[in-house]
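This report describes a model of three protein chains and how they meet. Please keep the sequence and the structure in view while reading.

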Amino acid sequence: MTAMETGMVSNRYSVSRPFTSGRESCSGMASVQLSEAEKVYILHGIQDDLRVDGRGCEDYRCIEVETDVVSNTTGSARVKIGHTDVLVGVKAEMGIPKLGSPGEGYVEFFVDCSANATPEFEGRGGEELGTEIANVLYKIFDNKSSLNLKSLCIQPREHCWVLYIDVLLLECGGNLFDTISIAVKAALFNARIPKVRVLEDEEGAKDFELSDDPYDCMRLNVTNVPCIVTLSRIGHRHVVDATLQEEACSLASVLVSVTSKGVLTCMRKLGRGSLDPESIFEMIECRHKILRQFLGAIPAFWVQGKGATRGETSTQVPNFTHSSLFKDKYMHLHTQPYSAVCMSLSRESTAI
Amino acid sequence: MAPDSRRVRGPEESQSPLLYVPCSEAVAEVPRAVFARAGLLSQASGSAYLEMGGTKVLCAVWGPRGAPGRCRLQCELRWAPFSRRGPRSSPRQAGLLLQESLEAAVRLERYPRAELAVWALVLEERGCGLPLAVSAASLALADAGIEMYDLAVGGGLSRGPGGQLQPDPLDTEEESGATVYLSLLPALNQVSGLVCSGEWEGDSAVEAIKLCMEGCQRLYPVLQQSLVKATKRKIPEPQSG
Amino acid sequence: MAGLELLSDQGYRVDGRKAGELRKIQARMGVFAQADGSAYIEQGNTKALAVVYGPHEIRGSRSKTLHDRAVVNCQYSMATFSTGERKRRPHGDRKSTEMTLHLKQTFEAAILTQLYPRSQIDIYVQILQADGGNYCTCVNAATLAIIDAGIPMRDYVCACSAGFIEDTPLADLSYVEEAAGGPQLALALLPKSDQIALLEMNSRLHEDHLERVMDAATKACKDVYAVLDQAVKEHLQEVSAMLGDRGMA
C-alpha cells in the first residue's frame, strides 16, 4: 500500500477513492456527481492550464458587482461569479459595546443558505454550511486593521453601532467563499450609517438624535477589508475560482484571505485530503499574482475607498435609488426546452 | 423605563470583574514538556491522554460500529467548563477542524458502512488545546487499531508582540493575535490541517508554517513510543521456551 | 389621535395612489440557470424571488408519496435584512410556517398535480425586501417561476391584498397601510375562471362591506394578471429570439 495509490496525496492522478467518506469538501455544499471519465477530463485539462470553460488556472470568471440593491438596509450588494449568486445586506443597529472592548462597535455575521440555491438546503439543511461560512467570516475580520471598529462607537461602554452582516445565498455554482467575501466588502463599502448626535439635558439624561439627512452619514473605510481567495488543489496544480465540477475533483483546497496590501489575515485548509507543504507555500506565494488580477478586474472602489459602481453614483440620494436587481441582465439559456412551456401554456388556454 | 423594585440595581458605571483578573505573566519553557499515554480507558475502543505544559487533553475513540452509508468520522471536541479561567468562549466548530485534520490520516475506505466516533475533551487549557487534541485523537485512533496512513501530529505557534515566533504558545500568548495551528503527517510529509489567523505580512506565514512543522516532527517520536508501550501492555509477554 | 392620514379628502393614498390602483409591478423570469424555474418580482418596494425545482422524485421519506398526484412542497422565507427591524431567523418561525402552508394550499389548487403522480414539486420563495403584501407578491413570483419551469397549471394564480379604510376599499396595501391595523384581505385568484385559490381575512369588517372589498381585490388580481401575462409574453419572445439565433448559427 502506498498513500499515493489511494489518492490521499492529491498531486497524483488518482482523483477519487470509491469508498471514502461521503462528505465533499465542506459540509453538504451543493455537490455534483461526476463520473470517473469526467474527472479525468477536467484533470487533464488543468495539467495543461486549460480549464473546461477556457480559463487558465489562475483566471477568475467574470465578477458582477451591484451595490445598493435593497433599499431598507444600511448597505447592500449582490455579487455574481458564474452561477454563484450572493446577496449581502448590512444593517446597523444600536447596541451595547462588548465588555472586552468598551470603545468599539462590533460586527455580527449570519449566512442563510436558502433553499433557492439547492433543495438540499431546505429547512435546517443549510445551517451547517451557514455557520461554517459565518465562522470563516468572523475569523477574517478578527484583527485590528480589517475594519475600524472604533468609528462604530457612539458612547464608550454605553452605545455603539452593531453591524449585522447578513449573507443570503441565492445560487451556488462553486467558489462560495470568494464570492461572499467580495459581496461583504462591497456591501460594507455601500453602507451609510447615519450620524448620531448625543444630546444631554441638565439631569444628565442622554438622548440621541439620528440625522435624517441621507447625505449626513458615515462611510466605512473598506480599504483593508480582506478578500478570500480559495485555491483548490487539482492534480499537480492549483486553480482559483473553481466551479462545482472542479470542486468535486479537488480533495483539498486552501482558503487564503488577503488585504489589498497582500497581508494574510486568515488561512485554512478545507476538504478531506492532505497537502504537500511545498504546494501550500506555492499557494501562499500565488496570492500576489491573483491580487493584481483582482484589483485590475474590480472597480476602483476596492483600493481608493470611493468611487462609483453600477447602480450607484455619488449624485443619487441614498435609500431612494432604484435598484437594478435582476434587470438588464443577459438571458440565461435554459436547458428546459421552451417549446414545452409554450405548449403547456397554449394547451391550458384552450382547455379553459 | 419602570425601575425594577425587586432588584438592587448596580451603579450606572459597572463592569465585569473579570476584566481585572490579573493575567499570569508566565513564560513557556521551550519546548514544553510532553507526557503521552495511550490506552488508558477500558470502555473505549481506543484512548489517549496527552499533556503539554499544563494543557491536558483526553481522547476516546469508539468504533468502527455499524452505520448506513459510507464511513464517517464523527468528531467532537469540547472544553471542560473548568478548563480555563475567565469567560469561556468555546471555539466555534472545533470538532470540524479536528475532523478535517484527521480525515486525511485515517483509511476510511477500509470501513464501509461503519462509523468512527472520536470524542476529545480538553481538561485544562494553557494554550495549544486544538493541536494537542489532534495528536491525542490520532493516538487514540491508532490505539483502537484503526488503519491509518500515519499519525496526524498537531502543532501550534504564535507571534509575540515583538514579532518573534513562539512555538507551542501559552494561552496568554495565543491571545496576542497571530496564531498558526497545523497538523502534519510526519512520515509522508503532508499537511492535513491548517488554520492561520491574525495578520501575516510577506513571507512570515511561510516561515511560521515551517517552524510549526519542525515542532510536529519533534513530537512524533514521543507519540510513537507511547503507542509501542500501550501495545506491549495489551499483548502479554510471549512465553519463553 | 392624529394618526397618519391614509386616505386624503381628494381620494389619494399615502404613496399617491388612487384607492384601486396597484403599485408598480416589475417582473423577470429565468433569473437563475441552475433551478428548473425562477422568477423575480417587485411590487412597489416589496421584492420577492421564487425558485422551482421539479417535478422530480420524492426526496426524503417515501411515505410522503402520493400515488395519484404530485406533492407540492413549499418554503417561505424572509431575508434577515428584508424588514425594518432585523429578523433573527429567515424561516421556521410561526409566521413563515403559516405562509408556507398557505402557499402550499394555493398551488395545490392551481397546478395540475395529477399529471405527475409519485413525484414532487419544490417551490421556494424568498422575500428580499418587505413592504406589505408579502404573501401576494410571493404567489405572483411563484406563478411566474412555475411557468418558467414549464409545469402546467389550470391558470395563472394572481394574488393581491385589499383593505378597507374610511369607507373605501383599497387595493394592494403597502406596509404603512397594513400597519394601521384595519381589515386586511388577501386573495389568490385564478382569473380566467374566477376561481378562488385562497382567501384570507384578518381583523373585523362589517358583512355589508365584504362584497365591495372582495370586488376591489378581484379587480386588483385581474390587473395583476394583465401585468404577469405581459411579463410572460415578453420573456417568451426574448427566449424564442435567442433560440432562433442559435438555430441560424
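## Chains, helices and contacts

Chain B has four helices and nine strands in its secondary structure; here helices (H or I, at least four residues) and strands (E, at least two) are DSSP runs, numbered from the N terminus. The model is predicted: local features need pLDDT of at least 70, side-chain atom pairs count only at pLDDT 80 or more, and totals for chains, interfaces and linings use all residues. Residues are numbered from 1 along each chain as its sequence is written, and chains are lettered from A and ligands numbered from 1 in the order in which they are written.

Along the sequence, the elements of chain B come in the order β-β-β-β-α-β-α-β-β-α-β-β-α. Chain C likewise has four helices and nine strands, and its pattern reads β-β-β-β-α-β-α-β-β-α-β-β-α. Chain C has a radius of gyration of 19 Å, close to the 18 Å that the globule rule gives for 249 residues, so chain C is as compact as a globular protein of that length. The radius is taken over C-alpha atoms, and the globule rule is 2.2 Å times the number of residues to the power 0.38. The C-alpha trace of chain C spans about 60 × 50 × 40 Å along its principal axes. In chain A, the secondary structure comes to seven helices and 14 strands.

The table gives burial and long-range contacts for each chain. A residue is buried if 20 or more other C-beta atoms lie within 10 Å of its own, exposed if 12 or fewer, and partly exposed in between, with C-beta atoms placed from the backbone. Two residues are in contact if their C-beta atoms, placed in that way, lie within 7 Å. The last column takes the contacts between residues at least 6 apart in sequence and gives the share that joins residues at least 24 apart.

| Chain | Residues | Buried | Contacts at least 24 apart |
|---|---|---|---|
| Chain A | 352 residues | 47% | 69% |
| Chain B | 241 residues | 46% | 72% |
| Chain C | 249 residues | 50% | 70% |

### Chain A

For chain A, an unreviewed UniProt entry lists "domain: Exoribonuclease phosphorolytic" at residues 60-194 and 224-289. UniProt positions are given in the numbering used here, feature names are shortened, and annotations may be inferred rather than shown by experiment. Residues 60-194 of chain A are 21% helix and 38% strand, with end C-alpha atoms 36 Å apart. Residues 224-289 of chain A are 29% helix and 39% strand, and there the end C-alpha atoms are 18 Å apart.

Strands β11 (residues 227-234) and β12 (residues 237-240) of chain A run antiparallel and are joined by four bridges; strands pair if DSSP finds at least two bridges between them. Within this pair, Ser232(A) stands opposite Val239(A) of β12(A). The two strands form a hairpin with two residues between them, and Gly235(A) in the turn has a positive phi of about 65°.

### The α2 helices of chains A and B

Helix α2(A) has 14 residues and reaches 20 Å from its first C-alpha to its last, close to the 20 Å expected at 1.5 Å a residue. The expected span of a helix is 1.5 Å times one less than its number of residues. Among the buried residues of α2(A) are Leu129(A), Ile133(A), Val136(A) and Leu137(A), as well as Glu132(A) and Lys139(A).

In chain B, α2 (residues 129-143) has 15 residues that should span 21 Å at 1.5 Å a residue, and its end C-alpha atoms are 20 Å apart, which agrees. Of the 15 residues of α2(B), 15 are buried, so the helix is largely enclosed by the rest of the structure. Just after α2(B), Gly145(B) takes a positive phi of about 80°.

### Where the chains meet

The contact between chains A and B takes 32 residues from chain A and 38 residues from chain B. On the chain A side, α2 (127-140), β14 (264-270) and α5 (277-297) each supply at least two residues. Of these elements, β14(A) gives the most, with six residues. By class, this side of chain A has 14 nonpolar, ten polar and eight charged residues. Ala, Val, Leu, Ile, Met, Phe, Trp, Tyr, Cys and Pro count as nonpolar, Asp, Glu, Lys and Arg as charged, and the others, Gly among them, as polar.

Strand pairing also crosses this contact: β14(A) and strand β9 (residues 190-200) of chain B run antiparallel and are joined by four bridges. Arg268(A) has Val195(B) as its bridge partner in β9(B).

The contact between chains C and A takes 41 residues from chain C and 39 residues from chain A. Elements of chain C that give two or more residues to its side include β3 (46-57), β5 (119-129) and α4 (207-248). The largest share of that side, six residues, comes from α4(C). By class, the side of chain C that touches chain A has 20 nonpolar, twelve polar and nine charged residues.
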